[in-house]
Amino acid sequence: MKTEKFNVTGMTCAACSAHVEKAVRNVTGVDAVSVNLLMNNMTVSSEESVSASAICQAVESAGYGAALAGAERVRRDDAFADHETPKLRRRLAASLCLLLPLMYVSMGHLMWGWPVPVAFAENPWAIALYQLLLTGLVMVINQKFFISGFTGLIHRAPNMDTLVALGSTAAFVYSAAVMFRMGGAYGAANREMAAHCLHDMYFESAAMILTLITVGKLLEAYSKGKTTNAVKSLMDLAPKTAHVVRGGTEMTIAADEVLVGDIFIVKPGESIPVDGQVIEGESAVDEAALTGESLPVDKGTGDRVSAATLNQNGALTCRATRVGGDTTLQQIIDMVENAVATKAPIAQIADRVSGVFVPVVIILALLTGAVWLLAGAGVGKALSHAISVLVISCPCSLGLATPVAIMVGNGIGAGQGILFKNATALEQTGRVNFMVLDKTGTVTEGRPQVTDICPAAGVAKEALLLAAASLEKKSEHPLARAICECAEKEGIAPEEAADFQALPGWGVKGVLGGIRTIGGKAALLQEKGLMTKEFLSRGEQMAGEGKTPLYFAGGEKLLGMIAVADVVKPDSAQAVKEIKNMGIHVVMLTGDNRRTAEAVRAQTEIDAVVADVLPGDKEAVIRKLGEYGRVAMVGDGINDAPALTAADVGIAIGAGADVALDAADIVLVKSKLTDVSTAVRLSRQVLKNIHENLFWAFFYNCIGIPVAAGALVSLTGLSLNPMVAAAAMSLSSFCVVTNALRLNFFSVRNSAGDKRAKEVPMPDLSSFIKINEKEEGKENKEMVKVLDVEGMMCAKCQAHVQKALEGIAGVSAVEVSLEDKTARVTMESNIADEKLAEAVTEAGYEVKGCRTA
């Protein structure tokens with residue numbers, strides 16, 4: 001299966017896009033088609049055997065043009081540029097120059113007696129010919145309506161231009177026929193009849209219809225151009241040049257010519273041309289263009305920088321890592337464009353109506369004229385009502401109702417660092433009932449930090465931190481890094497530890513200043529007889545708060561305890577509150593133990609927690625919740641890929657420059673959890689806007705067509721002439737697009753206006769919890785025994801003892817210390833001392849003692 005994008009020409013309304021979609025869908029091998037009226041392109045998913053020429057041929061057979069979008073990357077500023085407005089502005093100016101003198105004579109003189117040259121005033125035929133010529137010129141200027149309209153009619157795919165062309169042509173032809181009747185009156189020397197014929201002509205209506213529709217098209221094109229402002233503002237920030245160093249010489253080249261691996265220099269006040277990595281220099285970089293974050297971010301050696309971000313106060317030398325279409329900026333633009341190219345499910349109703357709208361309107365216009373003729377009205381009146389029905393009908397408003405709101409919403413999201421990959425995600429996010437959050441990196445910072453430093457009596461805080469950092473310096477464990485980072489912040493330089501040894505699962509040990517020092521779990525210090533009841537109690541209390549207590553001792557003295565935890569993000573509690581206030585249940589999934597998970601829950605007031613789950617098991621929880629409502633899953637986009645895919649909406653948080661994470665439907669550039677509630681808020685506002693647009697589009701046509709047909713004439717005397725109908729039609733699409741532009745004034749970060757959606761029942765997750773409690777129980781039953789082993793002389797001996805003990809059923813871990821001549825055995829359940837000793841003895845060594853740790 002392959003997906004290709006095509007540029008489509010000749011589409012003017014929703015009926016056009018519906019015909020194009022139908023024509024391509026009928027091509028054998030085509031699986032899916034999405035036509036974008038706003039961007040004049042379409043995306044086609046098909047089998048490999050389907051050629052681009054076959055698809056283009058299908059579009060051409062429907063009366064439109066199509067071409068495969070170039071394989072090379074086109075400049076997005078050109079793709080999003082408004083080419084239509086200048087053309088329409090020139091057409092309108094020319095039309096008005098002809099329409100105003102036409103209206104002066106046809107209405108000003110004939111209806112209100114405005115002065116005209118005597119040759120005109122006394123010659124009805126000259127006035128008629130004057131109107132014919134000016135109207136003909138207006139029709140030539142606006143020939144696009146006729147070419148598009150009648151081409152569609154010939155291909156049995158009538159569109160909005162067909163309605164306009166039929167209406168203005170009918171008025172022109174009828175008026176021309178009246179001119180022939182006027183000629184007959186002149187031949188019979190009946191000047192009174194000839195003068196009367198002037199009042200039966202509709203030349204000005206034909207010209208006015210075309211001009212007013214052009215006004216509407218101009219307003220629509222201008223407003224549609226505004227919908228891409230957010231994306232165009234991003235592109236405007238991308239610099240056109242870059243300062244690169246090649247051959248030891250600094251030179252200025254076009255940003256498009258920068259290659260991966262090039263060294264480039266960014267001076268203060270300049271925008272960064274491509275994505276790269278800082279190799280020299282320090283500065284603050286304003287990333288608001290990509291993330292919406294108002295505060296600048298400090299950058300130094302090794303940090304990544306992104307194109308279109310602004311270097312503020314220091315010179316940076318960087319190595320290019322992503323250029324051209326691979327930069328974060330271009331990926332964001334691609335995602336916005338692709339999202340607009342897709343269709344939201346809510347648009348399907350409008351699509352179905354648009355497919356039959358124009359033929360139905362033509363039939364209604366014919367019926368309107370026939371009914372008025374049968375009712376005894378004159379041909380002029382019947383034709384006036386029929387033309388009004390044709391020109392007041394507006395399929396454009398139906399076709400634009402959804403895509404313009406999607407485009408504006410995506411632009412707003414991109415400006416806030418919230419990227420929707422498709423229109424479905426933008427629609428579904430506002431409808432979710434459950435928000436499932438991964439803990440690590442989503443609710444919490446994702447990296448351990450020191451939270452408490454508790455020195456023992458007589459020990460200085462600095463001395464404890466120095467010993468801990470010196471001992472943990474050589475360890476690769478994340479908790480060790482947290483302690484070292486804390487010491488660095490405090491200005492404490494760690495010492496070199498001699499005879500360092502990591503004790504997997506227990507801690508570390510080494511020699512500092514000639515003193516044997518150990519650090520790790522409480523059990524390690526208990527075994528050495530260095531733990532006190534006071535510190536053990538404080539450690540248990542901190543463990544209950546979701547922290548990991550680490551104990552340190554030097555020589556025969558307890559130095560103290562340092563607590564480390566993956567702390568909750570500052571905005572997590574606020575984000576959970578905002579999500580819950582929207583009527584959405586919040587559930588947290590984590591692979592951590594229940595005690596840690598409950599501690600996080602207590603700080604954030606999350607509704608439910610499922611702990612001790614593996615990444616694969618998260619998917620089962622998502623499917624369980626899916627039985628009760630729509631589910632959104634928030635994770636890092638990599639480890640949580642199965643769960644993100646299983647959810648109705650997958651949200652990847654903290655993507656940074658990796659905005660193209662495949663598993664997610666929504667990518668949050670920043671690591672702020674409040675962006676999740678912002679995404680829901682934006683989605684709901686876009687949905688509301690789409691509903692307003694669709695309501696207006698349907699309401700306008702449902703009311704306008706009967707009124708134009710004369711349904712209210714007998715009741716109120718209200719009747720619409722073709723010119724008023726054309727004016728109404730020209731404003732309908734403009735109103736829809738303008739309403740979508742109102743989204744730009746919506747404050748997506750303001751939670752004051754959040755409304756609580758109807759809540760679904762919270763399902764029972766106890767089946768998952770019970771399983772995890774059993775697992776916890778199993779872990780709690782594990783026992784540790786320490787054997788004193790004689791006879792070990794080298795690492796080979798150490799390996800023999802370890803292998804012998806690991807071969808015993810029920811042993812889950814073995815740690816053999818050659819220095820201490822001990823073997824620490826972790827068991828799933830109690831194993832007799834004799835059995836352990838027997839295994840060691842058979843390996844050729846002697847057990848001197850065995851004790852429970």
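Biologist: Before we begin, which range of relative accessible area counts as partly exposed?

Modeller: A residue is buried under 20% relative accessible area and exposed over 50%, and partly exposed in between. This is a predicted model, and in it Trp696 has 30% relative accessibility, so Trp696 counts as partly exposed.

Biologist: What makes Tyr700 buried or exposed?

Modeller: The relative accessible area of Tyr700 is 8%, and because buried means under 20%, Tyr700 is called buried.

Biologist: Why is the pair formed by the rings of Trp696 and Tyr700 called stacked, tilted or edge-to-face?

Modeller: Rings pair if their centres lie within 6.5 Å, and planes under 30 degrees apart count as stacked, over 60 as edge-to-face and the rest as tilted. The centres of the Trp696 and Tyr700 rings are 5.8 Å apart and their planes are at 35°, so this pair is tilted. Along helix 28, Trp696 and Tyr700 are four residues apart, which means a separation of about one helical turn.

Biologist: How do you know what kind of aromatic pair Phe695 and Phe699 form?

Modeller: The structure holds five aromatic pairs, and one of them joins Phe695 and Phe699, with 5.5 Å centre to centre and 15° between the planes. Because planes under 30 degrees apart count as stacked, the pair of Phe695 and Phe699 is stacked. Both residues lie in helix 28 (residues 674–709), four residues apart.

Biologist: What are the accessibility classes of Phe695 and Phe699?

Modeller: Phe695 has a relative accessible area of 58%, and because exposed means over 50%, Phe695 is exposed. Phe699, at 38% relative accessibility, lies between the two cut-offs and so counts as partly exposed.

Biologist: Why is helix 28 described as roughly parallel or roughly antiparallel to helix 30?

Modeller: The axes of helix 28 and helix 30 (residues 722–741) come within 9 Å and cross at roughly 170°. Angles over 145 degrees count as roughly antiparallel, so helix 28 is roughly antiparallel to helix 30. On the side of helix 28 the contact is made by residues including Asn689, Trp696 and Tyr700, while helix 30 contributes residues including Ser732, Val736 and Ala740.

Biologist: Turning to another helix, what makes Thr328 buried or exposed, and which side chain does the side chain of Thr328 contact?

Modeller: Thr328, in helix 13 (residues 328–341), has a relative accessible area of 2%, and because this is under 20%, Thr328 is buried. The side chain of Thr328 makes a polar contact with the side chain of Asp275, at 2.8 Å.

Notes:
Residues numbered from 1 in each chain as written. Predicted model: local features only at pLDDT ≥ 70, side-chain atom pairs only at ≥ 80, totals over all residues. Heavy atoms only, no water. Helix = DSSP H or I, 4+ residues; strand = E, 2+ residues; numbered from the N terminus. Buried < 20%, exposed > 50% of the residue type's maximum accessible area, 1.4 Å probe, protein only. Polar contact = N/O pair within 3.5 Å; in protein donor to acceptor, adjacent residues only side chain to side chain. Phe/Tyr/Trp six-rings, centres within 6.5 Å; stacked < 30°, edge-to-face > 60°. Axes fitted to C-alpha atoms, helices over the stretch in contact; angles between N-to-C directions. Parallel < 35°, antiparallel > 145°, perpendicular 65-115°, else oblique. Contact = heavy atoms within 4.5 Å.
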